[in-house]
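Colleague: Please pick a single part of this model and walk me slowly through it, with cut-offs included. I would like one connected account.

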Amino acid sequence: MKLRLAVLFLVMSMVSFSQTEEEYKVKYAIETFFDGFHQSDSLKMKSVMHPKMTLQSIQPNKEGVQTLVNQSVDGFIKLVTQYAKARNWEEEIQSYSYNIDGDLAQVWCPYMFYLNGMLSHCGANSIQLFYQDDQWKIVSILDTRRKNCGE
């Protein structure tokens, strides 16, 4: 009897914590983007980017006031491909929280950002994806950036 309960509990916990097939596909697109980011590989990044993708950050300005900053996708790609070799950066995704409805996915990803091995900042990514031509494409990334990371 105890063995049956233990097995039932194990199976139930595995089912409740498992990802769906669509979540795996969405996560694959996000991981491909960040793998390309870490490898300075613009082709890998672009393979999962929608042509109309936007990049935005919520971050403090010089006066310390939180502002919404639009970033050029072309400028971002240029930064990644030209300067990454001189800098060692890593965006460490802490977790993934999914909301998927048909061809729309929204993923919340808290992260820690390291520059040359030192914690630079942290925050959360809000990533929107669109399912097009049998593939999830990143439409938008909006992130927050803060220095008080609790470490």
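Modeller: Happy to; let me start with F37, which is buried, its relative accessible area being 5%. Here buried stands for under 20% relative accessible area, exposed for over 50%, and partly exposed for what lies in between, using a 1.4 Å probe and protein chains only. Keep in mind that this is a predicted model, where local features need pLDDT of at least 70 and side-chain atom pairs count only at pLDDT 80 or more, while totals for chains, interfaces and linings use all residues. Residues are numbered from 1 along each chain as its sequence is written, and side-chain values use heavy atoms, with hydrogens and water left out.

F37 sits in helix α2, so that helix is the part I have chosen for you. Helices (H or I, at least four residues) and strands (E, at least two) are DSSP runs numbered from the N terminus. The helix covers residues 21-39. Its 19 residues reach 26 Å from the first C-alpha to the last, close to the 27 Å expected at 1.5 Å a residue; the expected span is 1.5 Å times one less than the number of residues. F37 has company on the buried list of α2, which also holds E23, V26, A29, I30, T32, F33, F34 and G36. Just after the helix comes S40, with a positive phi near 55°.

Now for the rings. Eight aromatic pairs turn up in a search of the whole structure. Rings of Phe, Tyr and Trp (its six-membered ring) pair if their centres lie within 6.5 Å, and planes under 30 degrees apart count as stacked, over 60 as edge-to-face and the rest as tilted. The pair of F33 and F76 is stacked because the ring planes stand at 10°, with the centres 6.3 Å apart. F33 belongs to α2 and F76 to helix α4 (residues 73-83), so this pair ties together parts that are 43 residues apart in sequence. F33 is buried at 2% relative accessibility, and F76 is buried too, at 13%. Further along α2, F37 makes a tilted aromatic pair with F113, at 6.5 Å centre to centre and 50° between the planes. F113 lies in strand β5 (residues 104-115), so its pairing with F37 in α2 ties together parts that are 76 residues apart in sequence. F113 is buried as well, having a relative accessible area of 11%. These rings belong to one aromatic cluster, formed by F33, F34, F37, F76, W89 and F113.

The beginning of the helix brings us to charged side chains. Four salt bridges are found across the whole structure, each defined as a side-chain nitrogen of Lys or Arg within 4 Å of a carboxyl oxygen of Asp or Glu. In α2, K25 bridges to E21, with the closest N and O atoms 3.5 Å apart; these two are four residues apart, about one turn of the helix. K25 also bridges to E22, where the closest N and O atoms are 3.3 Å apart. E22 and K25 are three residues apart in α2, again about one turn of the helix. Of the three, E21 counts as exposed at 58% relative accessibility, whereas K25 is partly exposed at 32% and E22 is partly exposed at 27%.

For contrast, a salt bridge outside this helix joins D143 and R145, whose closest N and O atoms are 3.1 Å apart. D143 is buried at 10% relative accessible area, while R145 counts as partly exposed at 28%. Back in α2, bridges that share partners join E21, E22 and K25 into one network.

What does the rest of the chain look like around this helix? It has four helices and seven strands, running α-α-α-β-β-α-β-β-β-β-β from the N terminus. Of its 151 residues, 32% are buried. Among contacts with a separation of 6 or more, 50% come from residues 24 or more positions apart, a contact being heavy atoms within 4.5 Å. To sum up α2, it carries the network of E21, E22 and K25, and its F33 and F37 are members of the aromatic cluster.
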